[in-house]
Amino acid sequence: MVVAHKIRFVLVCIGVFIGVFVFSVCSLLVDSFYTTQMKEVNSIPENALAIVCASDENDIDIITKHLETSPVLMTGVSPGKQIIFTQLPGDRMLTVNGNVYGIKSPLSDKGVAVSHSKSNQCIPVNFRIVKGRNIVYSDIVGENPVVIIDEFTERLLFEDGNAIGKTIHMTSNAAPIKQKDESGYHTLTVVGVCKNTYYSEANMQKLREDYYKTDFDIYIGATVYVPCTLLEHERNVSNIYLFPFESAGEYREALKIINSINQVKQDSSTYLSYTSKETLYDFVNSTLLPMKALFNIILAVTLIISGLLIMSIILFSIKERIPEIGIRKAFGASNCAILIQYITEILVIALLMSVLAFWASYGFVYTIRDYISDNLFVAYELSWNARIFLRSLIVGVLQSAIFAAIPCISAARVQVVRALKFD
């Protein structure tokens, strides 16, 4: 139908290409962002709940007595402590701030701890010592200046890759922790190295990218664990209660208790704040809502405009072929046969252009992925699967079928006499 006229054929191809291209770009951006964010969510242990309590600890007693379970006790200090402040090539500075967590009870019993998320939330994480030992009760009671760091921090601070028995120095503008030396630094001996969390892996990737791709000072975070008694003189310390529940039923029951406690509180500052896999999942989805709304508007406008372009071109092509339709009908062709012929022609074009548009969109998103990460400050890794590819094909085919339906039905219903006399 449109193949016989080269200009109209090209215009139809452009119409299909634009619609599918924009749809595929939006789908790849949203899906890649979602997949990247979900890596952090999936790293959180199932049925684990981290409760931050700055005031009334009796609320925690209600949970522990009702569920007959003991939490992992920790503390968190804000702001973080500066671990590294060093010169880089090109008059740049590297600053590493340690998110410090105090340990009240050994972490090896439950295999979980808390760490920072990329959104600066305190989240449950899997905890495993890969070198050295854990912080034990004697360290807590004796206020020993010891620390556990992660693998990322070990590689960053020690060239030989072995931190056990060596010391790190932390400083901060906040109130000092104990064991502060005359130089103003807090000297702590590394007794253990824990496995990297997703937060550590993300900071490692950020350091690599910023080192080679930017000319600005670099700021990254690290997670360190110390005996809680070293944080007694800090001003901004919050108690953290980590519940690694064994079943989903216990987890749901704990949430009901927390919500009941918060409902009777008059002052919002005393609410029990908690994080879990579920809350972080909700946070990711809420972050995506504005992006999805914007992309949906762009998609709707683009698909309608490109669809109208396709419909108008097909309409002109059909008018040129009305005499041909009359001849076919005179030889016995039915309305359905003519409709199928014209719809099939446009669907074949739509399918081929949809495949081309998808791979063009993938190449475009691949090209701008660094710009998104570096300039928009969004954690982003390009990912795709067969589902996105199939959606793009379906959108291209459906768009063409819907907007081509009116002119094709009109062509199939034309009268034989009128078609033969049409000039």
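The following exercises, each with a worked solution, concern a predicted model.

**Exercise 1. A salt bridge of Glu46**

Determine which residue forms a salt bridge with Glu46, and where the two partners lie.

*Solution.*
Step 1. The partner of Glu46 is Lys277, and the closest N and O atoms of the pair are 2.8 Å apart. A salt bridge requires such atoms to be within 4 Å, and the search of the whole structure finds 6 salt bridges.
Step 2. Glu46 belongs to the loop between helix H1 (6–42) and strand E1 (48–53), whereas Lys277 belongs to helix H7 (residues 277–320); the pair therefore ties together parts that are 231 residues apart in sequence.
Step 3. Glu46 has a relative accessibility of 54% and counts as exposed. Lys277, with a relative accessible area of 18%, is buried.

**Exercise 2. Two further salt bridges**

For the salt bridge of Glu154 with Lys131 and that of Arg252 with Glu278, state the location and the burial of each residue.

*Solution.*
Step 1. Between Glu154 and Lys131 the closest N and O atoms are 3.1 Å apart. Because Glu154 lies in helix H4 (residues 151–157) and Lys131 in strand E7 (residues 129–132), the pair ties together parts that are 23 residues apart in sequence.
Step 2. Buried means under 20% relative accessible area. Glu154, at 5%, is therefore buried, while Lys131, at 29% relative accessibility, counts as partly exposed.
Step 3. The side chains of Arg252 and Glu278 meet at 2.9 Å, N to O. This pair links distant parts of the chain, with Arg252 in helix H6 (residues 248–264) and Glu278 in helix H7, 26 residues apart.
Step 4. Arg252 counts as partly exposed at 43% relative accessibility, and Glu278 counts as partly exposed at 31%.

**Exercise 3. The nonpolar cores**

Identify the residues that touch the most other members of the largest nonpolar core, and describe the surroundings of Val114.

*Solution.*
Step 1. The largest nonpolar core has 27 residues, of which Met74, Tyr101, Val114, Ile148 and Tyr225 touch the most other members.
Step 2. With residues up to four places away in sequence left out, the residues touched by Val114 include Ala50, Met74, Tyr101, Cys122, Tyr225, Ile240 and Leu242.
Step 3. Apart from the largest core lies another one, of 23 residues, among them Val96, Phe158, Leu188 and Met204.

**Exercise 4. Strand E4**

Establish how many residues of strand E4 (residues 92–103) are buried, and in which sense E4 pairs with strand E11 (residues 218–227).

*Solution.*
Step 1. The strand is mostly covered, since 11 of the 12 residues of E4 are buried.
Step 2. E4 and E11 pair in the parallel sense, over 10 bridges.
Step 3. One example is Gly98, whose bridge partner in E11 is Ala222.

**Exercise 5. A surface patch and a distant pair**

Name the members of the nonpolar patch on the surface that contains Leu11, and find the residues in contact with Val395 beyond its neighbours within four places in sequence.

*Solution.*
Step 1. The patch consists of Ile7, Val10, Leu11, Ile14 and Ile18, with about 400 Å² of accessible area together.
Step 2. Leu11 lies in helix H1 and, at 32% relative accessibility, counts as partly exposed.
Step 3. Val395 is located in helix H10 (residues 386–412) and counts as buried at 18% relative accessibility.
Step 4. Beyond those neighbours, Val395 is in contact with Phe23 and Leu303.
Step 5. Val395 and Val16 are 379 residues apart in sequence, and their C-alpha atoms are 9.6 Å apart in space.

Technical notes. Residues numbered from 1 in each chain as written. Predicted model: local features only at pLDDT ≥ 70, side-chain atom pairs only at ≥ 80, totals over all residues. Heavy atoms only, no water. Helix = DSSP H or I, 4+ residues; strand = E, 2+ residues; numbered from the N terminus. Buried < 20%, exposed > 50% of the residue type's maximum accessible area, 1.4 Å probe, protein only. Core = buried A, V, L, I, M, F, W, Y, C linked by side-chain atoms within 4.5 Å. Contact = heavy atoms within 4.5 Å. Pairing = 2+ DSSP bridges. Patch = residues over 30% accessible without salt bridge, like charges linked within 9 Å, V, L, I, M, F, W, Y side chains within 5 Å. Areas by Shrake-Rupley, 256 points an atom, 1.4 Å probe, with all protein chains shown as cover.
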